[in-house]
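Student: Could you take me on a close look at one part of this protein, the nonpolar core and what packs around it? I would like one connected account, please.

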Amino acid sequence: MKRQHESKKIGSILKEMIEGNPLEKGIDSVRIREVWEQQMGTSILAYTEEIMLKNNTLFVTLSSAVLREELSYGKEKIINLLNESLDKEVVKKIVFR
């Protein structure tokens with residue numbers, strides 16, 4: 001009798017293990033910080049004090065009231081940019097503080 005082996009890439013195996021696991025939320029929190037740094041650029045990053053993901057809401061603490069106001073006008077665009085970079089819908093709402 002022949003044994004059939006299904007070959008999978010290690011990345012897809014890890015993804016299957018993580019999805020739906022409590023670890024997924026922690027990994028998303030770490031990845032969202034990395035994506036924020038990559039996508040928002042050094043000028044915005046210089047004013048970013050804290051980034052926290054909780055229940056699909058991204059809380060971003062900024063040291064500039066002017067920048068906070070400016071970014072608040074583009075919330076939907078920022079949400080889409082971050083989610084596209086993560087390849088899944090992680091952020092549904094952004095709160096700038």
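Tutor: Happy to; here is a walk from the overall layout to the core and then to a loop beside it in the chain order.

This is a predicted model, in which local features need pLDDT of at least 70, side-chain atom pairs count only at pLDDT 80 or more, and totals for chains, interfaces and linings use all residues. Residues are numbered from 1 along each chain as its sequence is written, and side-chain values use heavy atoms, with hydrogens and water left out.

Let's start with the layout. The protein has 4 helices and 3 strands, arranged along the sequence as α-α-β-β-α-α-β. Helices (H or I, at least four residues) and strands (E, at least two) are DSSP runs, numbered from the N terminus. Of the 97 residues, 30% count as buried, where buried means under 20% relative accessible area, exposed over 50% and partly exposed in between (1.4 Å probe, protein chains only).

Now for the core itself. A nonpolar core is a set of buried Ala, Val, Leu, Ile, Met, Phe, Trp, Tyr and Cys residues joined through side-chain atoms within 4.5 Å. The largest one here has 20 residues, and Trp36 and Leu58 have the most contacts inside it. At least two of its residues come from each of H2 (23–45), E1 (48–54), E2 (57–62), H3 (65–72), H4 (75–86) and E3 (93–96). H2 gives the largest share, 5 residues.

Trp36 deserves a pause. Contact means heavy atoms within 4.5 Å. Leaving aside neighbours within four places in sequence, Trp36 touches residues including Leu58, Val60, Ile78, Leu82 and Phe96.

Trp36 also takes part where H2 meets H4: Arg31, Ile32, Val35, Trp36, Gln39 and Met40 in H2 are in contact with Ile78, Leu81, Leu82, Ser85 and Leu86 in H4. By class, this contact has 8 nonpolar, 2 polar and 1 charged residues; Ala, Val, Leu, Ile, Met, Phe, Trp, Tyr, Cys and Pro count as nonpolar, Asp, Glu, Lys and Arg as charged, and the others, Gly among them, as polar. The two helices pack at about 115°, with axes 10 Å apart. Those axes are lines fitted to C-alpha atoms over the stretch in contact, and angles run from 0 to 180 degrees between N-to-C directions.

Finally, the loop between E1 and E2 holds Asn55 and Asn56. Most residues other than glycine have a negative phi. Asn55, however, has a positive phi of about 50°, and Asn56 one of about 65°. Asn55 counts as exposed at 64% relative accessibility, while Asn56 is partly exposed at 32%.
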